[in-house]
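Here is a friendly walk through some side-chain contacts and one helix. Have the viewer open as you read, and select each residue when its name comes up.

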Amino acid sequence: MKLRFSRVAALGVLAVIVAGCTTTEEANKAIQSRWIGQPVDSFFTYYGPPVSSFPLNDGGTIYTWVGGETTRYVPAQYQTPQPVNQDANRVTRTTTETHRRADGSTVTTTKSSSFGISAQPVAPQMISPARTEDLFCELQITTGPDKSIRMLRATNDTDGEGFSFSRCAEVMGVKK
């Protein structure tokens, strides 16, 4: 009963963690509601300058902004495989003897002996090597001729540093 309760509790905790994670779509909505209509200079003053810009015929501009760059280390993953049938190369001999004592009671003795090649311990096997992952948020910001933000969307959003599904949500301070 305790094992079953532990599993249910673990699944409940996992569900709460996942439910608390912000996705790129949710981050987009929150960022847009905060910045659409605001001066683009205010955005760049707060988060830093764009990496590129493209002028539009109507006097507006499309900016590409990148921020929140960091690197996450992911350690190697190992698994210890189960040995293949440990008794496949072993021979076991079992003998059972029953003796009658002088007082009339009986005693039964069973003896087992085995010989042959036993399975060797199996070393852990690497499933995936250690690696690093680059985390960042890339936004495309479109302004009108008055330099106010008309459109803003995440064009490249990696996983977050913590349990977040969105680095942009972390960088932009989006709370769920």
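The report below turns to a helix, then to aromatic rings, then to salt bridges.

Please keep in mind that this is a predicted model.

**Helix H2**

Let us begin with H2, which covers residues 24–35. H2 has 12 residues and spans 16 Å from its first C-alpha to its last, close to the 16 Å expected at 1.5 Å a residue. Which residues of H2 are buried? They are Ala27, Asn28, Ile31 and Trp35. Looking down the axis of H2, you will find these buried residues within an arc of 105°, so they line one face of the helix. The cover over the buried residues of H2 includes H3, strand E8 (149–157) and helix H4 (167–171).

On the other side of H2, the exposed residues are Glu25, Lys29 and Ser33. Two of these residues meet: the side chains of Lys29 and Glu25 form a salt bridge of 3.6 Å, N to O. Within H2, Lys29 and Glu25 sit four residues apart, about one turn of the helix. After H2 comes Gly37, which has a positive phi, near 95°.

**Aromatic rings**

Trp35, one of the buried residues of H2, also belongs to an aromatic cluster, together with Phe43, Phe44, Tyr46, Tyr47, Tyr63 and Trp65. How many aromatic pairs are there? The count comes to eight aromatic pairs. Phe43 and Phe44 form an edge-to-face pair, with 5.7 Å from centre to centre and 80° between the planes. Phe43 counts as buried because its relative accessibility is 0%, where buried means under 20%. Phe44 is buried as well, with a relative accessible area of 12%.

Tyr47 and Trp65 also form an edge-to-face pair, at 5.9 Å centre to centre and with 70° between the planes. Tyr47 lies in helix H3 (residues 40–47) and Trp65 in strand E2 (residues 61–74), so this pair ties together parts that are 18 residues apart in sequence. Tyr47 is buried at 16% relative accessibility, and Trp65 is buried at 1%.

Another member of the cluster, Tyr46, has a charged neighbour: Arg34 lies over the face of Tyr46, at 5.4 Å from the ring centre.

**Salt bridges**

Across the whole structure, the search finds six salt bridges. The table lists some of them, with the N to O distance for each pair.

| Salt bridge | Distance, N to O |
|---|---|
| Lys29 and Glu25 | 3.6 Å |
| Glu133 and Arg131 | 3.2 Å |
| Glu161 and Arg167 | 3.6 Å |

The residues in these bridges can be described by their accessibility. Lys29 and Glu25 are both exposed. In the second bridge, Glu133 is partly exposed at 23% relative accessibility, and Arg131 is partly exposed at 37%. Is Arg167, in the third bridge, buried or exposed? Arg167 is buried, with a relative accessible area of 10%, whereas its partner Glu161 counts as partly exposed at 47% relative accessibility.

Glu133 and Arg131 also take part in a network of salt bridges that links them with Arg72.

Technical notes:
Residues numbered from 1 in each chain as written. Heavy atoms only, no water. Phe/Tyr/Trp six-rings, centres within 6.5 Å; stacked < 30°, edge-to-face > 60°. Buried < 20%, exposed > 50% of the residue type's maximum accessible area, 1.4 Å probe, protein only. Helix = DSSP H or I, 4+ residues; strand = E, 2+ residues; numbered from the N terminus. Lys NZ or Arg CZ within 6 Å of the ring centre and 35° of its normal. Salt bridge = Lys/Arg side-chain N within 4 Å of Asp/Glu carboxyl O. Expected span 1.5 Å × (residues − 1). Arc of directions from axis to C-beta. Contact = heavy atoms within 4.5 Å.
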